[in-house]
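User: I would like to go through this model step by step, with the reasoning shown for each answer. Please start from the charged pairs and then move on to helices, cavities and backbone angles.

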Amino acid sequence: MLLSKLARFSLLRIVTLVVVLFGTGGVAAFAQEEVAQVEVTEEPVADETAEEPALGLDQQVDKLFRPVADAWGSVVFFSVELPGVGPLPLVLILLVGGALFFTIAFGFVNLRLFPLAIEVVSGKFDEIEKQGQDIPKGVEVMEVDGDLVDTIRDEGEGEVSHFQALATAVSGTVGLGNIAGVAVAVAAGGPGATFWMVVCGLLGMSTKFVECTLGVKYRDVDANGVVHGGPMYYLKKGLAERGLAPVGKVLGVLFAIFCVGGSFGGGNAFQSNQAAQQIKSLLGLPDTGSSGTIIGLVMAVLVAIVIIGGIKRIAKVTEKVVPLMALMYVIAALGIILMHIQSVPWAIGQVVSGAFSLEAGFGGLLGVMVQGFRRAAFSNEAGAGSAAIAHSAVKTRFPASEGIVALLEPFIDTVVICTMTAIVIVLFNADNSFAWGQVDSATSTVLIDGARMGGVDLTSAAFDSVLPGFRYLLTIAIILFAFSTMISWSYYGLQSWKYLFGRSTAADLSYKLLFCLVVVIGAAVSLGSVIEFSDAMIFAMVFPNMIGLFLLFPKVRQELNAYLEAIGRK
């Protein structure tokens, strides 16, 4: 039965998507210009050539994967020349410029409605929210014990207290983007990258408000009461309302394709890569050989048990432990900051001065800004549209209420937690253990005491230098964060895959098998490859999503006015 369904499944559409996602190796020659960044150092080519005959399985996989990552990076991050400014990646101009536009258009909603967001989370308007439409319990959303993954509160009948719900939401924002991504940004861009991460996080609050409001407004409920939502639906349905149906269909398909890629990249390969790297570092396993591939196979089996086998017990256990790990991480970071409180003003000074330093010229300043913006957007995903997929399944007849709640996420994720991680790393490097910006271009690592460190390794070393032995707990946290993120993103990607290929068993199984394969690839390749690939996949989602947000933001204004009137705040 399954084989017959697979035979009927649109092979052409799958091949087309795979070609779009993975077949652009030849494009690298078309766009070789790198994003303006800080200084990097190259490993000698001769040494790499000498090592080639002895490449292990991990390195062979990386050798095959790297051209794909570089090609996508060249395409997605192509730069445009701005008069008087210089070359900047178009996607970042669109992302940051759009966030600034929404911030101004909605009267600084990120600041103005911040107190209201706290009130909504605290349950002050629960009675109004309970008047919303009832979504059947059989709704197909990523649920763990009835709690929607990545939502910031419980929109149901109050199964948990609002304090517990907020605590769970805070824990859900802590992930490898906060731990490894920040290390990549600060190592490459110096302390100043932190400042631009914060700026991007604050502006991203407005974008998150817009996209999550639209996600609820234009969600699709099928005949079985199953809710499907996200940018592909508000692009298609919302633009059709404005007489732009053909444009909406095209943008919806593009977003779905890129979201599948994002689930393979930042939601999968990056997670498995950093979890594998931390395990290898803890066990003293070499970067050569096949240790990454083996670790990846184990993780892929565990992911498959949950997403293919339907064994939700592992996911439930993970979701119960992850909040504790997140709380542990935040407390440890805060503890280190307090232990070095006398040096914190100096560290903040480094952040601020580094953000506007022209020592490396104006191009160097732009490089620092780009690093900060890239890592912030990767961490909080504001503008990428992924959060709207999860938020679209809430119980409410006021879409703007969920948008208001969602604006808290970039603040908690980027402004608070990413900044804490960055300060810890800046304090760690107070004695100049490594040179800011001296990053190996192939591996995204810095040289510390003769050893290469980057991503989770660098953050782990920073924490361990103050809290000896903390790396063991951090390893457990990283594995759990990676696993829970992969489970969540498998849902995002699956929703997009079904949008493209239909809601059949064959579509479901084909996506999940591909997802598990990428777990292994991500664990095997180098950090440099996976960062380029993951960034490109996540940021590709920005193009169709932000275009749709620009065209649909008047609808958001209507929804906001309706909600404010309902709660007496008009």
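User: Which residue forms a salt bridge with Lys217?

Analyst: The model is predicted, and within it the count comes to seven salt bridges. In one of them the closest N and O atoms are 2.9 Å apart, which is inside the 4 Å cut-off for such a pair. The partner of Lys217 in this salt bridge is Glu559.

User: How many residues apart in sequence are the parts that Glu559 and Lys217 tie together?

Analyst: Glu559 belongs to helix H25 (residues 542-566), whereas Lys217 belongs to helix H11 (residues 192-217). Because the two residues sit in these two helices, the pair ties together parts whose separation in sequence is 342 residues.

User: Is Glu559 buried or exposed?

Analyst: Its partner Lys217 is partly exposed, at a relative accessible area of 29%. For Glu559 the relative accessibility is 15%, and since buried means under 20%, this residue counts as buried.

User: Which residues are joined with Asp508 into one network by salt bridges that share partners?

Analyst: Lys498 forms a salt bridge with Asp508, with 3.7 Å between the closest N and O atoms; this pair links helix H22 (residues 470-501), which holds Lys498, to helix H23 (residues 505-524), which holds Asp508, the two residues being ten apart. The side chain of Asp508 also meets that of Lys512 in a salt bridge, at 2.8 Å from N to O. Through these shared partners, the residues joined with Asp508 into one network are Lys498 and Lys512.

User: About how many helical turns separate Lys512 and Asp508?

Analyst: Lys512 and Asp508 are both in helix H23, four residues apart. Because of that spacing within the helix, the separation is about one helical turn.

User: What relative accessible area does Lys498 have?

Analyst: The cut-off for buried is under 20%, and Asp508, at 18%, is buried. Lys512 is likewise buried, at 15%. Lys498 is buried with a relative accessible area of 10%.

User: What arc do the buried residues of H16 cover around the axis?

Analyst: Helix H16 (residues 344-355) has twelve residues and reaches 17 Å from its first C-alpha to its last, close to the expected 16 Å. In H16 the buried residues are Val344, Ala347, Val351, Gly354 and Ala355. They lie on the same side of H16, because the arc they cover around the axis is only 105°.

User: Which helix gives the most residues to the lining of the largest cavity?

Analyst: The whole structure contains three cavities of 30 Å³ or more, and the largest holds about 60 Å³ of space. Its lining divides into seven nonpolar residues, three polar and no charged, and includes Leu95, Cys200 and Ala377. Helix H5 (90-105) and H11 each supply at least two residues of this lining, but the helix that gives the most, with four residues, is H11.

User: What phi does Phe108 have?

Analyst: Most residues other than glycine have a negative phi. Phe108 lies in the loop between H5 and helix H6 (109-112) and counts as partly exposed, at 45% relative accessibility. Although Phe108 is not a glycine, its phi is positive, at about 55°.

User: Where does Asn432 lie?

Analyst: Asn432 is not a glycine, yet it has a positive phi of about 60°. Asn432 is also exposed, with a relative accessible area of 60%. Its place is in the loop between helix H20 (408-428) and strand E8 (439-440).

How values were computed
Residues numbered from 1 in each chain as written. Predicted model: local features only at pLDDT ≥ 70, side-chain atom pairs only at ≥ 80, totals over all residues. Heavy atoms only, no water. Buried < 20%, exposed > 50% of the residue type's maximum accessible area, 1.4 Å probe, protein only. Expected span 1.5 Å × (residues − 1). Arc of directions from axis to C-beta. 1 Å grid on protein atoms, 1.4 Å probe; cavity = no way out; pocket = protein on both sides within 12 Å on 5 of 7 lines; lining within 4 Å. Points joined across faces, edges and corners; volume = space filled by probe spheres on them. Nonpolar A, V, L, I, M, F, W, Y, C, P; charged D, E, K, R; others polar.
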